[in-house]
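Reader: I've got a model open and I'd like to quiz you on the labels people attach to it. Can you show me the cut-off behind each one?

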Amino acid sequence: MNKKINTVLFILGASMLNVILMVILMTAGLALISLIIPKNISPTIASALFILVFLLSVAGSFFAYHKGIKLLAKKVEMDKYFHPIFSSNKRKH
């Protein structure tokens with residue numbers, strides 16, 4: 001496979017893992033809240049907690065994704081296998 005196909009497949013796979021991780025974190029957060037918070041709370045508080053869990057799961061999955069990419073970049077020479085997504089407009093002389 002060439003670098004462009006590797007790049008597209010890597011981005012698709014990493015994005016899918018990021019979404020799956022976000023769903024796992026959100027499910028775990030909602031399960032934890034359902035165990036701690038009583039069932040008869042007001043809908044406003046329940047909505048705020050849901051939004052908080054959602055934002056924390058997005059932040060947590062982004063943090064894990066960022067750390068995973070940094071770890072992968074240390075172990076694998078990215079330029080060898082992947083096409084650069086963003087190229088600079090400066091020409092190398």
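Author: Sure, here come the labels, each set against its definition.

Author: Ground rules: this is a predicted model, where local features need pLDDT of at least 70, side-chain atom pairs count only at pLDDT 80 or more, and totals for chains, interfaces and linings use all residues. Residues are numbered from 1 along each chain as its sequence is written, and side-chain values use heavy atoms, with hydrogens and water left out.

Reader: What is the mean pLDDT of the protein chain, and where is confidence lowest and where highest?

Author: pLDDT is the predictor's confidence in each residue, from 0 to 100. The chain has a mean of 85, with 89% of its residues at 70 or more. Helix α3 (residues 78–81) is lowest at a mean of 71, while α2 is highest at 91. Where pLDDT is low, the predicted coordinates should not be read in detail.

Reader: What makes up the secondary structure of the protein chain?

Author: Three helices and zero strands, running α-α-α from the N terminus. Helices here are DSSP runs of H or I with at least four residues, strands are E runs of at least two, and both are numbered from the N terminus.

Reader: How do you know that the span of helix α1 agrees with what it should be?

Author: The expected span is 1.5 Å times one less than the number of residues. Helix α1 (residues 3–36) has 34 residues, so it should span 50 Å; its end C-alpha atoms are 49 Å apart, which agrees. For α2, with 33 residues, the reach from first C-alpha to last is 48 Å, close to the 48 Å expected.

Reader: Why is serine 61 called buried?

Author: Buried means under 20% relative accessible area, exposed means over 50%, and partly exposed is in between (1.4 Å probe, protein chains only). Serine 61 has 3% relative accessibility, so it counts as buried. This serine sits in helix α2.

Reader: And why does serine 57 count as buried?

Author: Serine 57 is at 2% relative accessibility, so the label is buried. Serine 57 is in α2 too, and the buried residues of that helix are Val53, Ser57 and Ser61.

Reader: What do serine 57 and serine 61 touch?

Author: Contact means heavy atoms within 4.5 Å. Leaving out residues up to four places away in sequence, serine 57 touches Met22, Leu25 and Met26. On that basis serine 61 touches Asn18, Leu21, Met22 and Leu25. The cover over the buried residues of α2 includes α1, whose own buried residues include Met22 and Met26.

Reader: Why is phenylalanine 54 called partly exposed?

Author: Phenylalanine 54 comes in at 34% relative accessibility, so it counts as partly exposed. Its place is in helix α2.

Reader: What makes the nonpolar surface patch?

Author: Leu30, Phe50, Ile51, Phe54, Leu55 and Val58 make it, at about 500 Å². Patch residues need over 30% relative accessible area and no salt bridge; nonpolar side chains (Val, Leu, Ile, Met, Phe, Trp, Tyr) are joined within 5 Å, like charges within 9 Å. A salt bridge would be a side-chain nitrogen of Lys or Arg within 4 Å of a carboxyl oxygen of Asp or Glu. Areas come from the Shrake-Rupley method with a 1.4 Å probe; for residues, only the protein chains shown count as cover. Helix α2 (residues 43–75) gives the largest share, five residues.
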